[in-house]
Amino acid sequence: METRKVPYQRTIVVCGNVREDGSAACANPSRGEDRGDAILEALKAEAKRLGLKGKIRVARSGCLDLCAKGPNLFIFPDGVWLSGVTLADVPRLVETYLTPPVSAS
């Protein structure tokens with residue numbers, strides 16, 4: 001095992017879980033445009049547009065165990081957990097966690 005420093009200044013993890021039985025899950029089609037995978041792709045596109053590759057990582061996760069409150073995401077190292085996120089929240093997420101651009105350290 002090798003221990004290394006985290007290569008990103010911030011990581012946003014978005015639940016992309018789908019349940020085959022149709023019960024509440026962050027990325028189930030029943031959530032319409034507010035599915036976890038749609039939110040993930042919107043955040044990834046914004047990070048790319050802002051030139052934050054290598055500074056901000058937006059990643060998909062499996063189930064975060066709060067399906068009924070989803071879509072869920074969490075942000076490191078901020079220690080922030082957000083539930084009930086919608087596509088309408090993406091501009092505010094971008095403003096709060098992707099801009100102003102993080103330092104180049």
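The fold, the packing of the helices, the cores and the cysteines are described below. The model is predicted.

The sheet comprises four strands. It is open, with mixed pairing, and the strand order is 2-1-3-4. Strand 2 (56-61) and strand 4 (80-82) stand at the edges. Each has a single partner strand, so one side of each is left without a neighbour in the sheet. Neighbouring strands are turned by 15° against each other on average, direction ignored. Strand 1 (residues 10-15) pairs with strand 3 (residues 73-76) in the antiparallel sense, over four bridges. Within this pairing, Thr11 has Phe76 of strand 3 as its bridge partner.

Two helices pack on the sheet. Helix 1 (residues 36-49) touches strand 1, strand 2 and strand 3. The direction of helix 1 makes about 165° with that of strand 2. Helix 2 (residues 90-98) touches strand 1, strand 2, strand 3 and strand 4. The direction of helix 2 makes about 155° with that of strand 1.

Helix 2 has a buried side and an exposed face. Its buried residues are Val90, Leu93, Val94, Tyr97 and Leu98. These residues cover an arc of only 100° around the axis, which puts them on the same side of helix 2. An α-helix has 3.6 residues a turn, so residues three or four places apart point the same way. The buried residues of helix 2 pack against strand 1, strand 2, strand 3 and strand 4, and also against helix 1. Pro91, Arg92 and Glu95 are exposed and lie on the face of helix 2 turned away from its buried side.

The largest nonpolar core contains 17 residues. Those with the most contacts inside it are Ile12, Val14, Ile39, Leu43, Val58, Leu73 and Leu98. At least two residues of this core come from each of strand 1, helix 1, strand 2, strand 3 and helix 2. Helix 2 gives the most, with five residues. Beyond four places in sequence, Val14 touches Gly36, Ile39, Leu40, Leu43, Ala59, Arg60, Ser61, Asn72 and Leu73. A second, separate core has five residues, including Cys15, Cys26, Leu64 and Phe74.

The cysteines form no disulfides: a search of the whole structure finds zero. A disulfide is a covalent bond between the sulfur atoms of two cysteines. The cut-off applied to a pair of sulfur atoms is within 2.5 Å. The closest cysteine sulfur to that of Cys15 belongs to Cys26, at 3.6 Å, too far for a bond. Cys15 counts as buried because its relative accessibility is 1%. Cys67 is likewise in no disulfide, and the nearest cysteine sulfur, that of Cys63, is 3.7 Å away. Cys67 has 10% relative accessibility and therefore counts as buried.

Burial also extends to a loop residue. Asn28 lies in the loop between strand 1 and helix 1. At 2% relative accessibility, Asn28 counts as buried. Leaving out residues up to four places away in sequence, Asn28 touches Asn17, Val18, Arg19, Gly22, Ser23 and Arg35.

Methods. Residues are numbered from 1 along each chain as its sequence is written. This is a predicted model: local features need pLDDT of at least 70, side-chain atom pairs count only at pLDDT 80 or more; totals for chains, interfaces and linings use all residues. Side-chain values use heavy atoms; hydrogens and water are left out. Two strands pair if DSSP finds at least two bridges between them. Axes are lines fitted to C-alpha atoms, for helices over the stretch in contact, and angles run from 0 to 180 degrees between N-to-C directions. Contact means heavy atoms within 4.5 Å. Buried means under 20% relative accessible area, exposed over 50%, partly exposed in between (1.4 Å probe, protein chains only). The arc is that of the directions from the helix axis to the C-beta atoms. A nonpolar core is a set of buried Ala, Val, Leu, Ile, Met, Phe, Trp, Tyr and Cys residues joined through side-chain atoms within 4.5 Å.
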